[in-house]
Amino acid sequence: MNRLLKVALIGVMVCAGNSSVFADDVIPESPEVAAAFKPYHDASKIAGCVAIVADRTGKVHYRNLMGYADVESQQSISEDNVFWIASMTKMFAGASIMMLVDEGKVSLDDPISKFIPQLNDWKVVEEKDDSHVLLVAPVRPVTIRHALSHTSGLAGSAELQRVAGADVTPLKVRALSSVTGPLLSQPGDKYAYGNQGMNVAARIVEIVSGMPYEDFLQSRFFDPLKMTETTFWPSESQVERLAGAYGPNRKGEGFSRGEVGFLTKPYSDRARRFPEAGGGLFSTTGDIFRYGLMLANNGELDGKRYLSPESMDVLRTAQTGTTNVNYSLGYHLRNGMFGHDGAYGTDLSVNPTTGMIAIFMVQCTSGDQWAARDDFLKAAAKVFPKQ
């Protein structure tokens, strides 16, 4: 069998019913998924990929391990590799807020200033040119819903982040600093994708729960879901398993390795690095599968409920108001599926109607990850068993 299309015989697959590890299972590869990936690899656009097509019962119908985690050493990619999942991190910000909604501790339409009074001083850019900027008061409060749906008017990142770095200040400092940068539009009027709203929402989670955001995620999601490798601070051993990020070299004749420039090294430094709720998590295929199973089972897994059916309905429904953008609260909505992708192409997509869970784990720097992801999802929908 061609090495590019070779499927590992040993991997960790988790069953939703009893969380058993099926180390001896041989999961078939999908020729259709392999064919969708091959042009990107052949053109040196994506070095390696883990692609999973499963259902809500935990049955993995197809598993494709294709290409390399490390091109230079010719190390094949595997489910053991760690990935920077970037904006997939946003899913957890939305889910955390909805968990607090379920507990009656917050409402999506609560003004953010209810929890962070200093943010009552936001101004909105009304006019701007080379010679002047006119700021006016917001016509309505910025709400939690606005923050999580990218309709708050906030810039993509706080001014402090752009100067100091995305992850070198605590969420408290980062949220407060956002008031110094005016809103770019009236709350609710426009959709503008970014990370700042997620960080403000994560700070609210800290205030309401009384614990650091990372501890909330660990105790409410990662530990109970057995997501043992999902973290803002990958250990040295995890960094050694980090899949390389690649795109084509200048001549287009081979791969060129890139870096996770968004975050600060060393990634394991808990003293000087802090959670970036819009894009700071690292994870593995198996961990993302566990989270996808919870989503596919309407907020419940292994007899434990994480989110109410009502909250799941909210996460599967567009929350961008009159902007009519197909986005929820930290979740993309596309072609009947919901989930999120990350900057280097990682993606979780769940179809709530069919129960399909599609996972695409890549680290691509070329800009071709979105086309590759779409081609994978088309192939996944094609091969997923009809109910």
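**Getting to know this predicted model**

Modeller: Welcome! This is a predicted model. Leaving aside neighbours within four places in sequence, Y213 is in contact with F92, A93, S96, L171, A202, V205, E206, F232, P275 and A277.

Colleague: Thanks! Which residues touch the most other members of the largest nonpolar core?

Modeller: Y213 is a good place to begin, as this tyrosine belongs to that core of 75 residues. The residues that touch the most other members are Y213, F221, Y291 and L348.

Colleague: Which helix gives the largest share of this core?

Modeller: The contacts of Y213 include F92, A93 and S96, and the helix in question spans residues 90-102. With eight residues in the core, the largest share comes from α2.

Colleague: Which strands stand at the edges of the open sheet?

Modeller: The sheet has seven strands in the order β3-β2-β1-β15-β14-β13-β12, with antiparallel pairing. A strand at the edge has a single partner, so one side of it is left without a neighbour in the sheet. Those strands are β3 (75-76) and β12 (332-334).

Colleague: And what is the bridge partner of F338 in β14?

Modeller: Strand β13 covers residues 337-341, and four bridges join it to β14, residues 347-350, which runs antiparallel to it. In β14, the partner of F338 is V350.

Colleague: Lastly, which elements give two or more residues to the lining of the second largest pocket?

Modeller: About 240 Å³ of space lies in that pocket. Of its 19 lining residues, the closest to the centre are V239, L242, A243, G244 and R257. The elements you asked for are β2 (60-70), α8 (236-240) and β8 (255-258).

Conventions: Residues are numbered from 1 along each chain as its sequence is written. This is a predicted model: local features need pLDDT of at least 70, side-chain atom pairs count only at pLDDT 80 or more; totals for chains, interfaces and linings use all residues. Side-chain values use heavy atoms; hydrogens and water are left out. On a 1 Å grid over the protein atoms alone, a cavity is a set of points where a 1.4 Å probe fits but cannot get out, and a pocket is an open set with protein on both sides within 12 Å along at least five of seven lines; lining residues have an atom within 4 Å of a point. Grid points are joined across faces, edges and corners, and a volume is the space filled by probe spheres set on the points. A nonpolar core is a set of buried Ala, Val, Leu, Ile, Met, Phe, Trp, Tyr and Cys residues joined through side-chain atoms within 4.5 Å. Buried means under 20% relative accessible area, exposed over 50%, partly exposed in between (1.4 Å probe, protein chains only). Contact means heavy atoms within 4.5 Å. Two strands pair if DSSP finds at least two bridges between them.
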